[in-house]
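Let's take a walk through this structure together, starting with a single residue and working out to the bigger picture. Keep the model open and turn it as you read.

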Amino acid sequence: MKVIEEYQQIDSNRERSVALGNFDGIHIGHQKLIEHLLDKSEPEKLESCVYTFINHTIPVIADQQPIQYITNLNSRKEIFQGLGVDMLFLDSFDKEMMTLTPEAFVEKILVKVLNCKIAVVGFDYRFGYKAQGDVELLKKLGEKYGFQVSVVDAVTINEEKVSSSNIKKYLKNGDVEKANAFLGRFFSIRNKVIHGDARGKKLGYPTANIDVDPLQLTPKEGVYATLININNNTYMGATFIGTKPTFKSEKIAIETFIIDYEGDLYHQFIDISFIKRIREEIIFKSPNELIKQINEDIKHIKTYLHSNTNVLK
Ligand SMILES: Cc1cc2nc3c(=O)[nH]c(=O)nc-3n(C[C@H](O)[C@H](O)[C@H](O)COP(=O)(O)O)c2cc1C
Ligand SMILES: Nc1ncnc2c1ncn2[C@@H]1O[C@H](COP(=O)(O)OP(=O)(O)O)[C@@H](O)[C@H]1O
């Protein structure tokens, strides 16, 4: 898959099919849209392209703080590649882009730059200044500029619409099982192992702390049953998210005791897949009480993961 950030890198003579959207999470609704894109591209020999923005649109529109992503840019690249997309175009959303009218956006980017022959969008796709453009307008512009528009309906689970905002809501409530169902895979966070407070080993439970990316949405504080991927090996994990109130720490930490693992992980990347939240964070009266509880957590997590996942040998 080609990843492109500059217009000059694009061969505008090549005919393309283009999926448009934010695609945060690349959930099962997005996946259906991408499958549709690939199905439409093949018979016509079109290059399949995902057009999305490298930055979040809302802070540019409303001068707000950056918004946290379900899936960061690197993970999004990997997922699109895995789905079989030919080209990922990461455009920049700035004030100039924001003020393009729907027709100017279509003419300038979809037609002139991308030579789009088929546009694939979700039923609720909006585009152009103040989100004035909708699917009906895109269809009209398609007739004028010579491309087809293919619209993908909402995917639902138990009559609830699968959407990035619902997934964020579930993650913030700690309901990772629901988020996972909507994502069609386990919600995961990948980052580098950093030094913590050097207390874990002394307590008998070393924990790999990962760097907390401020743009990465973190699930609700608490303890989770997780699966940890280290260099393509999977381990069970007891992951704690919180401020370690027992030790009056203030910074949020994401740290994991990796079951049946020994070794030095500092500066390595690990992948944490969240399977189930098992409890809230607790302020313990003493480190011994914390250790007793961690013992219980690990028993609980082992039993749960063995009977609820089929990834472990
Ligand atoms: C499974 C598990 C559950 C934990 N639960 C709590 C908790 O409820 N309250 C708390 O203050 N700290 C909790 N911790 C965090 C420990 O306080 C932390 O791992 C310890 O202080 C070591 O931190 P360090 O890696 O920065 O050295 C938990 C850690 C693990 C691995
Ligand atoms: N089973 C394990 N789970 C997690 N980390 C482990 C494990 N075994 C060894 N380690 C190593 O120990 C480190 C954690 O030790 P700890 O005393 O908690 O220090 P820190 O406070 O720096 O995290 C991890 O970053 C990792 O390099």
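A residue counts here as buried if 20 or more other C-beta atoms lie within 10 Å of its own, as exposed if 12 or fewer do, and as partly exposed in between. Bear in mind as you go that this is a predicted model. Now try the rule on Asp-39, which sits in helix H1. Asp-39 has 13 other C-beta atoms within 10 Å, so it is partly exposed. To get a feel for distances, go from Asp-39 to Thr-309: the two are 270 residues apart along the chain, and their C-alpha atoms are separated by 31 Å.

Let's zoom out. The protein chain has 10 helices and 14 strands, and its C-alpha trace spans about 70 × 40 × 40 Å along the principal axes. Of its 313 residues, 32% are buried. If you take the contacts with a separation of 6 or more, 73% of them are between residues 24 or more positions apart.

The domain assignment splits the chain into domain 1, residues 2-157, and domain 2, residues 186-308. Measured as a model distance over C-alpha atoms, the centres of domain 1 and domain 2 are separated by 36 Å. Where the two meet, six residues of domain 1 are in contact with five residues of domain 2. The domain 1 side of that meeting place has three nonpolar residues, three polar ones and no charged ones.

Next, the inside. In soluble globular proteins, nonpolar side chains tend to be buried together. The largest nonpolar core in this model has 34 residues, and the members that touch the most others are Ile-167, Leu-171, Val-176, Ala-179, Phe-187, Ile-270 and Phe-274. Strand S11 (residues 222-230) gives this core its largest share, five residues. Click on Ile-167: beyond its neighbours within four places in sequence, Ile-167 is in contact with Gly-25, His-27, Ile-70, Ala-179, Phe-182 and Leu-183. Apart from this core lies another one, of 32 residues, with Val-85, Cys-116, Val-120 and Val-121 among them.

Helix H8 (residues 176-183) is a good place to linger. Which of its residues are buried? They are Val-176, Ala-179, Asn-180, Phe-182 and Leu-183. Look down the axis of H8 and you'll find these buried residues within an arc of 165°, so they line one face of the helix. What do they pack against? The partners are helix H1 (28-44), strand S7 (156-157), helix H7 (164-172), strand S9 (187-194), S11 and strand S14 (269-279). Just before H8, in the loop between H7 and H8, is Asp-175. With 17 other C-beta atoms within 10 Å, Asp-175 is partly exposed. Asp-175 and Arg-277 are 102 residues apart in sequence, yet their C-alpha atoms are 7.0 Å apart in space. On the other side, H8 is followed by Gly-184, with a positive phi near 75°.

That brings us to backbone angles. Most residues other than glycine have a negative phi. Asn-115 is not a glycine, but its phi is positive, about 50°. You'll find Asn-115 in the loop between helix H5 (102-113) and strand S5 (116-122), where it is partly exposed, with 19 other C-beta atoms within 10 Å. Ala-198 also has a positive phi, about 55°. Ala-198 is in the loop between S9 and H9 and is exposed, with 8 other C-beta atoms within 10 Å.

Finally, the ligands. Around ligand 1 there are 23 residues, of which Gly-196, Arg-199, Ala-238, Phe-240 and Thr-246 come nearest. Helix H9 (200-203), strand S12 (233-242), strand S13 (253-258) and helix H10 (287-308) each give two or more residues to this shell, and H10 provides the largest share, three residues. By class, the shell around ligand 1 has 12 nonpolar, five polar and six charged residues.

Ligand 2 has 20 residues around it, and Gly-196, Gly-200, Lys-201, Pro-206 and Ile-258 come nearest. The elements giving two or more residues to the ligand 2 shell are H9, strand S10 (208-210) and S13. Its make-up is nine nonpolar, six polar and five charged residues.

Terms used
Residues numbered from 1 in each chain as written. Chains lettered and ligands numbered in written order. Predicted model: local features only at pLDDT ≥ 70, side-chain atom pairs only at ≥ 80, totals over all residues. Core = buried A, V, L, I, M, F, W, Y, C linked by C-beta atoms within 7 Å. Helix = DSSP H or I, 4+ residues; strand = E, 2+ residues; numbered from the N terminus. Contact = placed C-beta atoms within 7 Å. Near = placed C-beta within 6 Å. Nonpolar A, V, L, I, M, F, W, Y, C, P; charged D, E, K, R; others polar. Domains from an automatic or database assignment. Arc of directions from axis to C-beta.
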